[in-house]
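Hello,

Here is the structure I promised to hand over. Have a look at it first, and then read on for what turned up in it.

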Amino acid sequence: MTQKEIAETLNVSIATVSLALSDSPKISDITKEKIKDFVRVVKYRPNVIAKNLATGKTWTIGIIFPSITHSFYGELVREIQLNLKDKNYIGFYLPIEIFEKNQDAIDILLNRKVDGIIATQFNIEEVIRLQDEKIPIVLYKFMGYPIDIDYVEIDEYKGGVLVAQHLIKSGYKKFGFIGYIGTKRYAGYRDIIYQNNLIMNNEWIKQLGDVIPTDSRESGYEGMKKILLLKDKPEAVFAFNDMTAIGAMRAVYEAGLKVPEDIAIVGFDDIEEAKYLNIALTTVNTSKKEIAKKLVEVILEKIENKDKAPIQKIIIEPELVVRESCGFYLKNKLKDMRM
């Protein structure tokens, strides 16, 4: 059965059938569901090749993110894929271990004629290349480019502020960090600590490398081992992300110490694993569902409206998720026992 035959059977126009199957907001939900129910009954399958030729689109979005073995990106890519699916698009995901390989991924996607690209941490040359190719692009995270570019990101500075404020409120006075010191999340954490005239010695700060796989369980483990060798140790440590925090917790346990009794640990990202640890991880929720939703909305608007779509710079608010690893529950339990 063709769209023309569906239209004649339901006494609607071919355009209405096409809009319904594309989930367009230009027609009512009632009409849309009526058409969708009918095509399910008759087991209609659109001719994708013909549709692509007619529209000049492939209904495919390229996704260039670090490997999904990195839990945060795995969860984010999944949410992007689900959002694209709801809009009748396919997400073509290419994992990148090191950012020098971005050019290879771009070549693959351009050869496949994708309609747009969602990516993270492109350099300025890569952004300019895609703009010259007239390929719509939206980035997760803004990298300080001197040109206008659409992006969606978390307010990482505020996330770091929330961590520091909570740890200070919980009574800690000596603070460490395992991660990248050039990041906004570190800056927010550091600024609040210094504003409160508290201590964060340089030896309590363990800087990670410059390549994404280094913000891993292994790097958190190695960083915390070095901190634990110190005679004078911090009371609380903020890890760059949840995977780093999980590695740091393992190092604490292996040293015969406890989290949070001997040292409090806080992560960032709120990956699924964080709440299922023996000592559930206090962390910053980065709203992966909202990030994915906005990334897809922006890229599809750019595809539909081309040069007429305004540049969008979307900042999403983080939220602190307080669990056991920061000592908050322990301190309140001891307080209740004294009462």
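What follows is a walk through two sheets, the helices beside them and one arginine.

Please keep in mind that this is a predicted model.

Let me start with the six-stranded sheet. Its strands follow the order 2-1-3-4-5-11, the sheet is open, and the pairing is parallel. Which strands are at the edges? They are strand 2 (90-96) and strand 11 (313-316), and each of them pairs on one side only. On average, neighbouring strands here are turned by 15 degrees against each other, with direction ignored.

At one end of that order, strand 1 (residues 60-66) runs parallel to strand 2, and seven bridges join the two. If you would like a residue pair to find your way by, look for I64, which stands opposite L94 in strand 2.

Helix 6 (residues 102-111) is a good next stop. Helix 6 lies across strand 1, strand 2 and strand 3 (116-120), and runs at about 155 degrees to strand 2. Helix 6 also has a helical neighbour. For a pair like this, two numbers do the describing: packed helices are characterised by the angle between their axes and the distance between the axes. The axes of helix 6 and helix 7 (residues 124-132) cross at roughly 15 degrees and come within 11 Å. Since angles under 35 degrees count as roughly parallel, helix 6 is therefore roughly parallel to helix 7. The crossing of helix 6 past helix 7 is right-handed. On the helix 6 side the contact is made by N102, Q103, I106, D107 and L110, and on the helix 7 side by E126, R129 and L130.

Now for the other sheet. This one is open as well, with four strands in the order 7-6-8-9 and parallel pairing. Strand 7 (205-207) and strand 9 stand at its edges with a single partner strand each, so one side of each has no neighbour in the sheet. Neighbouring strands are turned by 15 degrees against each other on average, direction ignored.

Going through the pairings of this sheet:

- Strand 6 and strand 7 run parallel and are joined by three bridges; I178 has K206 of strand 7 as its bridge partner.
- Strand 6 (residues 175-179) and strand 8 also run parallel, with four bridges between them; G176 stands opposite V237 in strand 8.
- Strand 8 pairs with strand 9 (residues 264-266) in the parallel sense over three bridges; F238 stands opposite V266 in strand 9.

Which way do the residues of strand 8 (residues 236-239) point? A236 and F238 point one way, V237 and A239 point the other way, and all are buried. This fits the general pattern that side chains in a regular strand alternate between the two faces of the sheet.

Two helices belong in this part of the picture. Helix 11 (residues 242-254) forms a right-handed β-α-β unit together with strand 8 and strand 9. Helix 11 packs on the sheet, touching strand 6, strand 8 and strand 9, and its direction makes about 165 degrees with that of strand 9. Helix 9 packs on the sheet too, where it touches strand 6, strand 7 and strand 8, at about 170 degrees to the direction of strand 6.

Finally, the arginine: R190 is found in helix 9 (residues 184-195). Is R190 buried, exposed or partly exposed? Its relative accessibility is 25%, so R190 counts as partly exposed, since buried would require under 20%. R190 and V161 are 29 residues apart in sequence, and their C-alpha atoms are 8.1 Å apart in space.

Enjoy exploring it!

Best wishes

Methods: Residues numbered from 1 in each chain as written. Predicted model: local features only at pLDDT ≥ 70, side-chain atom pairs only at ≥ 80, totals over all residues. Heavy atoms only, no water. Pairing = 2+ DSSP bridges. Axes fitted to C-alpha atoms, helices over the stretch in contact; angles between N-to-C directions. Contact = heavy atoms within 4.5 Å. Buried < 20%, exposed > 50% of the residue type's maximum accessible area, 1.4 Å probe, protein only. Right-handed = clockwise from strand over helix to strand, strands pointing away. Parallel < 35°, antiparallel > 145°, perpendicular 65-115°, else oblique. Left-handed = near helix turned anticlockwise from the far one by under 90°.
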